[in-house]
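Colleague: Please go through this structure with me, one question at a time. I would like to follow the reasoning behind each answer.

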Amino acid sequence: VRRGDPLVQISNVQKHYGDFQALKDIDLTVNRGEVVVVIGPSGSGKSTLCRTINRLETITSGTISIDGKELPKEGKSLAELRADVGMVFQSFNLFSHLTILENVTLGPIKVKKMKKAEAEAVAKQLLDRVGVGHQASKLPAQLSGGQQQRVAIARALAMQPKVMLFDEPTSALDPEMINEVLDVMVGLAQDGMTMIVVTHEMGFARKAADRVVFMADGQIVEESTPEEFFTNPQSSRAKDFLSKLL
Ligand code: ADP
Ligand code: MG
């Protein structure tokens with residue numbers, strides 16, 4: 001297990017959608033260089049948790065800090081802090097009218113004010129790293145789902161985030177493309193990237209995760225190492241969930 005100082009600190013977070021409470025008393029600290037897999041039944045609040053971490057959703061109460069800085073509710077500094085958090089969604093969300101290269105350079109040029117040539121050099125390196133460097137001048141629709149998702153990872157990395165969030169990054173992919181995306185993620189983990197990954201891919205969790213966090217009904221029910229969680233879950237909710245997953 002790798003150890004570092006706390007990078008993401010979530011304290012006593014509550015999130016309501018109207019009367020419905022989607023997150024209940026969430027406390028979670030993710031240390032620098034740590035990989036945390038979040039797992040749990042549909043509707044348990046996993047996506048809501050990811051979306052609150054980079055303030056795509058506001059929280060009802062509690063605090064979320066990234067690298068010691070608390071996320072403000074709104075305002076100019078929110079954009080800056082949001083840039084510290086890279087997010088990869090189930091649907092790749094690439095801009096369909098932009099080339100692969102332009103998809104990756106857009107954020108660095110617009111938000112980081114990087115010069116175009118520099119942004120392109122960085123983007124090409126990242127596209128090579130995720131194995132789609134030869135597709136840089138194509139449009140997203142010309143790529144497979146697995147390739148598009150790898151571009152989405154490169155696009156997030158281009159912003160030099162401190163932490164990467166993945167929300168079920170392989171669940172919209174055909175089976176043969178899942179591993180090419182997971183392999184890129186394992187590589188990132190090995191390079192020391194701090195990652196929060198919502199996934200039901202147990203192979204990935206076993207290979208790359210330092211910790212598994214199990215959520216149900218908006219709460220963290222238990223957390224442990226992948227080995228412990230998959231072989232000896234403590235709660236009946238987790239046992240029930242795993243028996244359906246296998
Ligand atoms: P998961 O990702 O674990 O499947 P979600 O975070 O998407 O769960 O959803 C948690 C709960 O919050 C679900 O009951 C869902 O219906 C509800 N929910 C999610 N987004 C909204 C929203 N925008 N408005 C109202 N309810 C929502
Ligand atoms: Mg979800």
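## Salt bridges, the ligand shell and single residues

Colleague: Which side chain does the side chain of Glu57 meet in a salt bridge?

Modeller: Keep in mind that this is a predicted model. A salt bridge pairs a carboxyl oxygen of Asp or Glu with a side-chain nitrogen of Lys or Arg within 4 Å. Glu57 has its partner at 3.3 Å, N to O, and that partner is Arg51.

Colleague: Is Glu57 buried or exposed?

Modeller: Under 20% relative accessible area a residue counts as buried, and over 50% as exposed. Its partner Arg51 is partly exposed, because its relative accessibility is 28%. Glu57 has 16%, so Glu57 is buried.

Colleague: How many salt bridges does the structure hold?

Modeller: The pair of Glu57 and Arg51 is a salt bridge. Lys162 and Asp84 also meet in one, at 3.7 Å from N to O. The number of salt bridges in the structure is 14.

Colleague: How many residues apart in sequence are the parts that Lys162 and Asp84 tie together?

Modeller: The side chains of Lys162 and Asp84 meet in a salt bridge. Lys162 is in the loop between helix 5 and strand 7, while Asp84 is in the loop between helix 2 and strand 6, so the parts tied together are separated in sequence by 78 residues.

Colleague: Is Asp84 buried or exposed?

Modeller: Lys162 has a relative accessibility of 29% and counts as partly exposed. For Asp84 the relative accessible area is 11%. The limit for the lowest class is under 20%, so Asp84 is buried.

Colleague: Which residues are linked in a network of salt bridges?

Modeller: The bridge between Lys162 and Asp84 has an N to O distance of 3.7 Å. Both residues belong to a network, and its members are Asp5, Arg32, Asp67, Asp84 and Lys162.

Colleague: About how many helical turns separate Lys244 and Asp240?

Modeller: The side chains of Lys244 and Asp240 meet in a salt bridge of 3.1 Å, N to O. Lys244 is exposed at 63% relative accessibility, whereas Asp240 is partly exposed at 40%. The two are four residues apart in helix 9, so the separation is about one helical turn.

Colleague: Which residue has a side-chain N or O atom 2.7 Å from an oxygen atom of ligand 1?

Modeller: Two of the polar contacts with ligand 1 use the backbone. A backbone N or O atom of Gly43 is 2.7 Å from a ligand oxygen, and one of Gly45 is 3.0 Å from a ligand oxygen. The side-chain contact at 2.7 Å is made by Lys46.

Colleague: What percentage of the accessible area of ligand 1 does the protein cover?

Modeller: On its own, ligand 1 has 560 Å² of accessible area. The share of this area covered by the protein is 59%.

Colleague: Which element gives the largest share of the shell around ligand 1?

Modeller: Two elements give two or more residues to this shell, strand 2 and helix 1. The largest share is three residues, and it comes from helix 1.

Colleague: How many residues of the shell around ligand 1 are charged?

Modeller: The shell includes Tyr17, Phe20, Pro41, Ser42 and Lys46. Lys counts as charged, and Tyr, Phe and Pro count as nonpolar. The shell has four nonpolar and six polar residues, and the number of charged ones is one.

Colleague: Which residues does Thr105 touch, not counting those up to four places away in sequence?

Modeller: Thr105 is placed in helix 3. Its relative accessible area is 6%, so Thr105 is buried. Its contacts are Ala119, Glu120 and Ala123.

Colleague: What distance separates the C-alpha atoms of Gly145 and Ile178?

Modeller: Gly145 is in helix 5 and is buried at 18%. It touches Phe92, Leu173 and Met177, leaving out residues up to four places away in sequence. Ile178 is 33 residues from Gly145 along the chain, and their C-alpha atoms are separated by 9.3 Å.

Colleague: What is the phi of Asp67, in degrees?

Modeller: Most residues other than glycine have a negative phi. Asn12, in strand 1, has a positive one of about 50 degrees. Asp67, in the loop between strand 4 and strand 5, is not a glycine either, and its phi is positive, at about 55 degrees.

Note on methods. Residues are numbered from 1 along each chain as its sequence is written. Chains are lettered from A and ligands numbered from 1 in the order in which they are written. This is a predicted model: local features need pLDDT of at least 70, side-chain atom pairs count only at pLDDT 80 or more; totals for chains, interfaces and linings use all residues. Side-chain values use heavy atoms; hydrogens and water are left out. Buried means under 20% relative accessible area, exposed over 50%, partly exposed in between (1.4 Å probe, protein chains only). Contact means heavy atoms within 4.5 Å. A residue is near a molecule or strand if one of its heavy atoms lies within 4 Å of it. A polar contact is a pair of N or O atoms within 3.5 Å; within protein, one must be able to donate a hydrogen and the other to accept it, and residues adjacent in sequence count only if both atoms are side-chain atoms. Accessible areas come from the Shrake-Rupley method with a 1.4 Å probe; for residues, only the protein chains shown count as cover.
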